[in-house]
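This report covers the overall make-up of one protein chain and then a few of its local arrangements. The sequence and the structure come first.

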Amino acid sequence: MTKPKLETIITLRLPILAGFLMLLLHGTLLVNQSFYRTYDALIHIFFASHYAQSWFDPWEPRWYTGFTVFSYPPLAHQLIAALSWLVGLQFAFVVVQILALLLLTLGVYRFSSLLVSSKAAGYATLLLVISSSVIETVHVFGQLPTILSLGFLLNALPFAMQYLRSGQRFDLYKALSLLAITTTAHHVTTLFGTVFFLLPLVATVAWQARITTRPLEPDAWWRVMYRITPSIYRSGLLLGVASVLLVLMVLPYWLWVQNDPLVQTPIPHASRDNFLQNPNAGMMFFVLPWFSTLMFLPYAIFQTRTTWRWAFGLSLCLLLLLGTGSTTPLPKLLLRGAFDVLTLERFTFWATIMILPFAGMALETMLHGHFAVWLKLRISLRLRLVLFGSSLLILIGMAIFISNMSRLRQFQPEPITMKPVVQFLEKDEHWRYRYLTLGFGDQMAWLSANTKALTPDGNYHSARRLIELTSTPVERLDGAKYKGVPGLGSLEDFLSNPQRFFLKFIFSNDTFYDPLLFFHGWHQVVRLENNVVVWEREDISPLPERLPRPAIALWQRLAWGCLPFFALLIAAWVLLQPADITAKVLFWHRYDLGQKILRLLQPDVVYAFSLETPQVLQLTPWKWLFRAVAFCVFISAGAIFYGFHSARVTPEKTVQQYWNDLDFGRFAESYRFVLPQNGLTLERYLLDRSVQGGLLTNYAKLEGITTKILGLTASQATVQANLTWLTSLGSFSQTTVHQLVLSNQGWRIQGSPSNNPRPPVRFQTEAVQNYYRAPRRLTTAISDARDILDRPQLRVLQQRLVRWYHQGQIVYSVIGELENVDARPADCTVTAILRDAKNQVLAESNVGSLMLHKLLPGERTAFRVDFFGRDTVKTPERLASFEVLAKAVVTQFDLQRPLATWAKPQAKVLDVKISNISAQSTMIPRVFLSLYDNKGLAWLEVQPIKQQIVPRQTIESQVLLVLPKGYVNLPIKNVSSDADVVFDALGKARLQPLTAPLELSQLKAFRIQMQAFMGSP
């Protein structure tokens, strides 16, 4: 073996070692299903399941009432789908992700070899293995296409540089073939990769051509133009053909964007936040990805500031700034409209890859260069080993921490076993209806990948077109609570009007939504083996046999299904070809497998410029500077630790941490902030907490807390905590006052055992009336006559249309009363329709939570239909009449009436006493307040009670006796003179003539009615 080849093998040991470590570290984590807890991995698996089932059919009906997979480049998903036929979807994802990481390792080495020496490029690949940004991208974000496409792009750069220098067509073919694959894997990487990776390469080649002069050549401008003209011409050809390939390889995508543009409310993303105002976002999208490489940023800027690498330094700085979100105004200024669409963490990821060559150069200098000499002169070998070993341990420790962050800090719900849910959807043809998931997180994509059932929700917001979704900043209904009131409002559109989407079943993995589902007329069917509760809405029609879908040209289907793999095969064939394509002997006859691997690892570019070596360091000044910096770092760390420790021992911080532990259910941890009194042991504290219930205790999330010190002495403090709770029924405020005492462990809240005795007669039986219940199995066979139930008769009373103001917006409401005049209990659905003079529909909506959906025989309920949001009246001047439709089916769910009430008016307040006369606790009582004038029902207000009511307990509450702001009866033309209308099956009732505004003083009577949510079983 010749000496050059031996040196090549020794140099290539570093990237080979990096590839082995990449396979060992990331492969082990992926095989252990670290991807299951990530954000995007299951989404890509869902797309892959589509290709596995129908490769050439781009229409996917399982999300958003149908969308086309043209909306996302297909290569990564098609690779998973192809492998899934052999090993299954999940393991196929693991294999493709590992291959993508190995491809990225090779790409980083080849890209680094363009800028630094081969040894420095090897160190760059080693640093890639434990790079915090790569680990976060793979094991927290689960972004397979980003890794795969960047690997192809980085491998294309050496061939692009070789072509720009020499003009060899075969190098152009190699570069273009890899750029084409990059486009099929992720078009965004090609778009921005051209700007941040390829353009600096073009500028570097042109700069090198400009400063490269021949002996005795005059330094005239025309000679400069003569030298750079070939590179400019080649650059134009390369960029032009690459742009054409960007369009052609994913042409169906661009046609989809043009023909079906996405118009939606921007979805907030933490990567666009101001990291100074949102430190958590700064930690996730700046500190963690930059942790392993930020120390090399000054060195990278120094090495690119005045050298031929200036274009890459400029690109690095620009990527760094674009990844800061709204912390600086530059990203929004440069990206403009794309700022609200893109997730900016990809710029940070690209920046951390761009800096790796310079990080490898720094490591080479530290280990083999001038800095290594300086270290040997000033620091002993033992101390150098300690410093190097500790730095390496910190990087490895951070890599392990980030890779397990999804387990240490819960970003997603706990893994859910999907088999019981899939079996439920398959049983009794439940797949004939649409379903919705709540509290599944990104695991909803895995459920969709395992069933043919459809859902109006989804996890790829660029494909959604439903106005109920695009009009709100909610990414998916599954996590509506994380968007607060707007998110819950979007969810209510689906819960109130499920018939629009054929939505019948909801799988809930989060009790937070239980009150909202119950009060909207949904009832619990069963709790599955995986602890997921199935909710159902009665009287929903099944999906039609054939759903509407757009016509898609055959050539688009063929291009989408064939071009990515065709480009992959061409690129693989081109990469394995020798440089001389006119050779008589085939390449597989001339090279064995080991030589092929060596040639793939080599950069394929003759390094044109010698590396600039740094000046010899002046030892004495650097010695004192190092000591000064170390002293400052030590003092700063001590000050930060003291300030952090001091902040934790303040009374306000103690109260905040106490409520934070309670909010997350960490009751044992919250006991640490309590100073026990009167025998309050941990067991008694946990017992007191377990018997507390109600809306704010069991079904709320702490949205915000502010504290105020009312009194403070050396050993005692009085702190007022103002709490804001988010519930599925709205936001609520709560104020509590805590007495704190300074103990040896710091400030602690005084706590005593709660004294809440229960009535002695609470343990008693309750009479239950059993009604006939129809079988649930769907069948087309002739059934028993008992299975055919007539719809109960309903009577609609006292309807009217009013207008009022809510948060400065005009709201139209239809109010009335509904009575079950049948002998069977009824599950009722009430629909209000607003029409113009030509009888055209202006708005239509069902009653949401503002009625009793389950009525006993002879029972009556008031109802109110509010038209706002998606169902708002856009042209109120055309409003001429309204209709009320009512229908019902026989039910046996939620027929308990456990509460009795008494009310006494006091000015504008009703003093209400509520008693639980049943044998079960009522978790969330609700008060229905109906206000009447001389013409009948004038207004309905519903107010939840925050505390639970145990059996035989009586509580007191107050209900405001007021009309809403701007309340007006609308003077609509009389259409029908019938006072009451009886509905036998389906029917309608039209409005009564109401012409006069109503004042509070005109009210004649009120009516109190109670509803109770008993809690989850």
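Two strands count as paired if DSSP finds at least two bridges between them. In this predicted model, strand E21 (residues 924–933) and strand E22 are joined by 8 bridges and run antiparallel. One residue pair in this ladder can be named: Leu929 has Glu941 of E22 as its bridge partner.

E21 and E22 belong to an open sheet of 3 strands, in the order E22-E21-E27, with antiparallel pairing. Its edges are strand E22 (936–944) and strand E27 (1005–1013), each of which pairs on one side only. On average, neighbouring strands of this sheet are turned by 20° against each other, direction ignored. As a general point, side chains in a regular strand alternate between the two faces of the sheet.

A second antiparallel pairing is made by strand E5 (residues 523–527) and strand E6 (residues 533–536), over 4 bridges. Here Val526 has Val534 of E6 as its bridge partner. The two strands form a hairpin with 5 residues between them, and Asn531 in this hairpin takes a positive phi near 75°.

The two pairings are listed below.

| Strand pair | Sense | Bridges | Named partners |
|---|---|---|---|
| E21 and E22 | antiparallel | 8 bridges | Leu929 and Glu941 |
| E5 and E6 | antiparallel | 4 bridges | Val526 and Val534 |

Helix packing is represented by one pair. The axes of helix H7 (residues 132–139) and helix H20 (residues 381–403) come within 9 Å and cross at roughly 15°. Angles under 35 degrees count as roughly parallel, and H7 and H20 are therefore roughly parallel to each other. Their crossing is right-handed. On the H7 side the contact is made by Ser132, Ile135, Glu136 and His139, and on the H20 side by Ala399, Ile402 and Ser403.

The remaining values describe the chain as a whole. The protein chain contains 34 helices and 27 strands. Of its 1017 residues, 52% are buried. Among contacts with a separation of 6 or more, 74% are between residues 24 or more positions apart. How much area does the protein chain expose, and what share of it do carbon and sulfur atoms supply? The exposed area is about 47,100 Å², and carbon and sulfur atoms supply 61% of it.

Definitions and conventions
Residues numbered from 1 in each chain as written. Predicted model: local features only at pLDDT ≥ 70, side-chain atom pairs only at ≥ 80, totals over all residues. Heavy atoms only, no water. Buried < 20%, exposed > 50% of the residue type's maximum accessible area, 1.4 Å probe, protein only. Contact = heavy atoms within 4.5 Å. Areas by Shrake-Rupley, 256 points an atom, 1.4 Å probe, with all protein chains shown as cover. Axes fitted to C-alpha atoms, helices over the stretch in contact; angles between N-to-C directions. Parallel < 35°, antiparallel > 145°, perpendicular 65-115°, else oblique. Left-handed = near helix turned anticlockwise from the far one by under 90°.
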